[in-house]
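Please look over the sequence and the structure shown here, and then read the briefing on annotated spans, nonpolar cores and enclosed space.

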Amino acid sequence: MSSSHTTRLSTMLLQSLWDFILGYNAWLRSPFFPVLFSLSVYLTFCLPFVVLDLLSPRLAWIRTFKIQQKSHVSWTMMWSCLALSLYNHVVFLFPLTVLHWFWRPASFIAEAPGTLRLIWDVVACLLLFDFQYFIWHLLHHKVPWLYRTFHKVHHKHTSTFVLTTEYSGAYETLSLGFFAGVNPLLLGCHPLTEMLFNVLNIWLSVEDHSGYDLPWSTHRLVPFGLYGGAPHHDLHHLKFKSNYAPYFTHWDRVFGTLHKHSD
């Protein structure tokens, strides 16, 4: 199959996907959609890891994939994290999305983005978010007042499990949500690209906090140690003073804050 034929086929598939999504135009334009979309995607991605956490005390082979194998996740810990996440979505995120809906009503074009443009924009959004998060995260560890006031709550658990992903105060949730929301606008991304970036971003964040190092984890698929993944971020929760970037490792290498389990 020639490259031009492959490109045409992928463009047709993207157009079919976009046409399908546009079929739910009323939902897309609803002020409820952004919060329900992000929360639904988040909880869906969390569910498999929640099941692993519930089964791991009974099945030893599951514990072999846990990064901190002696850690145990209780129902109380899960409900505490889930309750804070739901609270932040209902009390803070939803009112802001309604205000945004009034200020900038959603508009959608009929044509889907090209395949290469979509891939380029998703990667660009992800790299930009990774840099923004790194700077934000570094400052909120290096400045004691910022850490105590805003970021400390996220570090309640020194052993990560999936529902700690969104266990944070409103300020942190809104700050990181702002980065994720504004980057596609800054880069002029297509609405489909924005949706796919948000889905990927949520997945990578969930995987980072999962507490599991699985054979198909993202950091095992990206070569040359360019991507840190769950072991990288779990060590940050354990040690506090290293591995500030959420996904990739280059900023921690540049600033001398990269550490590995073997260090």
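UniProt, in an unreviewed entry, lists residues 32-55, 76-103 and 118-139 as "transmembrane region"; its positions follow the numbering used here, and its annotations may be inferred rather than shown by experiment. This is a predicted model, in which local features need pLDDT of at least 70 and side-chain atom pairs count only at pLDDT 80 or more, while totals for chains, interfaces and linings use all residues. Residues are numbered from 1 along each chain as its sequence is written, and side-chain values use heavy atoms, with hydrogens and water left out.

**Annotated spans**
- Residues 76-103 are 100% helix and 0% strand, with end C-alpha atoms 40 Å apart, where helices are DSSP runs (H or I, at least four residues) and strands are E runs of at least two, numbered from the N terminus.
- Residues 118-139 are likewise 100% helix and 0% strand, and their end C-alpha atoms lie 32 Å apart.

**Nonpolar cores**
- The largest nonpolar core (buried Ala, Val, Leu, Ile, Met, Phe, Trp, Tyr and Cys residues joined through side-chain atoms within 4.5 Å, buried being under 20% relative accessible area with a 1.4 Å probe, protein chains only) has 19 residues, and those with the most contacts inside it include Y42, F49 and L163.
- Two or more residues of this core come from each of α3 (33-55), α5 (75-103) and α9 (191-208), and α3 gives the largest share, seven residues.
- A second, separate core of 14 residues includes C125, F129, C189 and F197.

Technical notes. Buried < 20%, exposed > 50% of the residue type's maximum accessible area, 1.4 Å probe, protein only.
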